[in-house]
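The following exercises are to be worked with the sequence and the three-dimensional structure at hand. Each task is followed by a solution in steps.

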Amino acid sequence: MPRSRLISAVLLGGWLLAVTLLAYLVRQPLAGFALAAALALIWMSWSMQRLRSLPAPSVTPAGTPAHPGHDPRRVRLLAAQFRALRNAVAALPDAVVLLDDQCHALWFNPAAGTLLGLQRPQHLHCNLREQLRDTTIGDWLAAGANEPLPDAPAPQDPLRHLSLSLIPVGESQRLLLARDISTLARLEQMRRDFVANVSHELRTPLTVIHGYLELLDPEDVPQLAGVLNDMRGQSKRMAQIVEDLLTLSRLETQTGANEEPVAMAPLLATLRREAEALSQGRHRITLEVETPADLYGSLKDLHSACSNLVSNAVRYTPSGGSIRIRWERLADGRGAFSVIDTGYGIPAHHISRLTERFYRVSSSRSRELGGTGLGLSIVKHALGMHQARIDIRSEPGQGSTFTALFPAARVLLPVAAADAAPAD
Ligand code: ADP
């Protein structure tokens, strides 16, 4: 029964009871009725006054009261809309799981069954972290899931690739979204395989061509000396492109860096020697070692990333400029390897795209200086393997600073320094 009718029934019953009671008390039915009527009049005028003093209820253009909870038609409409919304979410091909702040699954759609292996009713209110423990997704949830997880194997089908994100809902709930990206991942794998295979197939013929060109002496055929030099230069460039593509393929397919403690002092000394060899006395090159800290990672990949930065600084700094190679430990414990040059600099709008494959600020200058357009892409991938990132600051005409920032967890301090260092 609606609430308003129930209240009317109770009031009527109350009045009848009061009239009977008064009639009994004064032993005069008519006097009892008169007294009850007088009391009713007083109560009604008091109620009318209260009603007048209340603000007028706002009404929507359609004539429905603004408090939908009091209007049965509006309640039915809202319930229908809610069901439609829930049916729509249930029909989504992506898994949607509503989680509380403890990671309990409060609700999930049928796709969560296919993609995450959640079944009703046994997994309703289960702890998802526990349910998916020892899987990539479980580890990600346990670590706080602060960043989206771009590619993870599905818990029940490792061949299926999922992309996941966790979105806060209200104060304490979160929405877990999982999308099947297997087709995309397959296409990406095909692209990687294609580039790796083509590069691999080109390597041998290029080595042969380059070898024969080296055998030919321009002095024997002076009329072809210029042509021979051009052919040598171009075959060397092609071989370098192939080598860079193979390095990129290796970095892309490698799942984790080959971890070992990497002594920074010898690595930095090697980088300086390489810079001097490339510069051939055209630049002032200095090495600033501000910390005795070493790094934990892959020597090969770290060398590849750092030497790309150093060779870029040499190539993009005109003669007479200076180049500083710097290794330091920041106040927050991170390791910073910087290469600071006084070269051509880079206009701001190019900076965000520099690590894309084959992206160059000036193609002609890059080619002239023997660039492949792949160096910074290799740097980005090699650093990514170490959870490190590249920071680029540059001023056209003034120079550039490229800094590789390594997480504190990868910075190894010598025992004495570690004792003295503040806890991170
Ligand atoms: P490349 O082989 O062409 O040098 P990279 O990927 O190493 O390719 O660099 C991409 C582009 O970034 C270069 O073509 C160049 O325009 C710019 N660049 C890289 N390092 C520097 C630098 N130290 N100073 C100025 N420009 C730079």
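**Exercise 1. The ligand shell**

Determine which element gives the most residues to the shell around the ligand, and describe how the ligand is held in this predicted model.

Solution.

Step 1. Helix H10 gives the most to the shell, with three residues. H10 spans 299-315, and together with helix H13 (375-384) and strand S12 it belongs to the elements that each supply at least two shell residues.

Step 2. There are 19 residues around the ligand, and those that come nearest are Asn312, Tyr316, Ser366, Thr372 and Leu376.

Step 3. The polar contacts involve oxygen atoms of the ligand. A polar side-chain atom of Arg315 lies 3.1 Å from one such oxygen atom. With Gly373 the contact is made by a polar backbone atom, at 2.9 Å from an oxygen atom of the ligand. Gly375 likewise uses a backbone N or O atom, which is 3.2 Å from a ligand oxygen atom. The ligand taken alone exposes 530 Å², of which the protein buries 97%.

Step 4. As to location, the ligand sits in the largest pocket.

**Exercise 2. From S9 through S10 and S12 to S11**

Trace the pairing of strands S9, S10, S12 and S11, giving for each pair the number of bridges and the direction.

Solution.

Step 1. Begin with strand S9 (residues 322-329), which is joined to S10 by seven bridges in an antiparallel arrangement. One bridge places Arg329 against Gly335 in S10. The two strands form a hairpin with five residues between them, and Gly333 in the turn has a positive phi of about 95°.

Step 2. Continue from S10 to strand S12 (residues 399-406): seven bridges join them, and they too run antiparallel. Here Ile340 stands opposite Thr401 of S12.

Step 3. Finish with S11 and S12, which pair in the antiparallel sense over seven bridges. Ser394 has Ser400 in S12 as its bridge partner. This pair is also a hairpin, with three residues between the strands, and Gly397 in the turn has a positive phi of about 85°.

**Exercise 3. The two faces of S10**

Assign the residues of S10 to its two sides and state whether they are buried or exposed.

Solution.

Step 1. In a regular strand, side chains alternate between the two faces of the sheet.

Step 2. In S10, Gly335, Phe337, Val339 and Asp341 point one way, whereas Ala336, Ser338 and Ile340 point the other way.

Step 3. The residues on both sides are buried. Strand S10 (residues 335-341) is accordingly mostly covered, with seven of its seven residues buried.

**Exercise 4. A three-stranded open sheet**

Give the strand order of the sheet that contains S8, and identify its edge strands.

Solution.

Step 1. Three strands form an open sheet in the order S6-S8-S13, with antiparallel pairing. The edge strands are S6 (260-262) and S13 (411-412), each of which pairs on one side only.

Step 2. Strand S8 (residues 294-297) and S13 pair over two bridges in the antiparallel sense. Asp294 stands opposite Leu412 in S13.

**Exercise 5. Backbone features in loops**

Where do Gln387, Asp134 and Pro121 lie, and what is notable in the backbone there?

Solution.

Step 1. Gln387 is placed in the loop between H13 and strand S11 (389-395). Its phi is positive, at about 55°, although Gln387 is not a glycine. Gln387 counts as exposed because its relative accessibility is 52%, the cut-off being over 50%. The C-alpha atoms of Gln387 and Arg410 are separated by 8.9 Å, while the two residues are 23 residues apart along the chain.

Step 2. Asp134 is found in the loop between H5 and helix H6 (136-142). Asp134 also has a positive phi, near 70°, in a residue other than glycine. By the cut-off of over 50%, Asp134 counts as exposed, because its relative accessibility is 71%.

Step 3. Pro121 lies in the loop between helix H4 (111-116) and helix H5 (128-131). The peptide bond leading from Arg120 to Pro121 is cis, with omega near -5°.

Definitions and conventions
Residues are numbered from 1 along each chain as its sequence is written. This is a predicted model: local features need pLDDT of at least 70, side-chain atom pairs count only at pLDDT 80 or more; totals for chains, interfaces and linings use all residues. Side-chain values use heavy atoms; hydrogens and water are left out. Two strands pair if DSSP finds at least two bridges between them. Helices (H or I, at least four residues) and strands (E, at least two) are DSSP runs, numbered from the N terminus. Buried means under 20% relative accessible area, exposed over 50%, partly exposed in between (1.4 Å probe, protein chains only). A residue is near a molecule or strand if one of its heavy atoms lies within 4 Å of it. A polar contact is a pair of N or O atoms within 3.5 Å; within protein, one must be able to donate a hydrogen and the other to accept it, and residues adjacent in sequence count only if both atoms are side-chain atoms. Accessible areas come from the Shrake-Rupley method with a 1.4 Å probe; for residues, only the protein chains shown count as cover. On a 1 Å grid over the protein atoms alone, a cavity is a set of points where a 1.4 Å probe fits but cannot get out, and a pocket is an open set with protein on both sides within 12 Å along at least five of seven lines; lining residues have an atom within 4 Å of a point. A molecule sits in a cavity or pocket if more than half of its atoms lie within 2 Å of its grid points.
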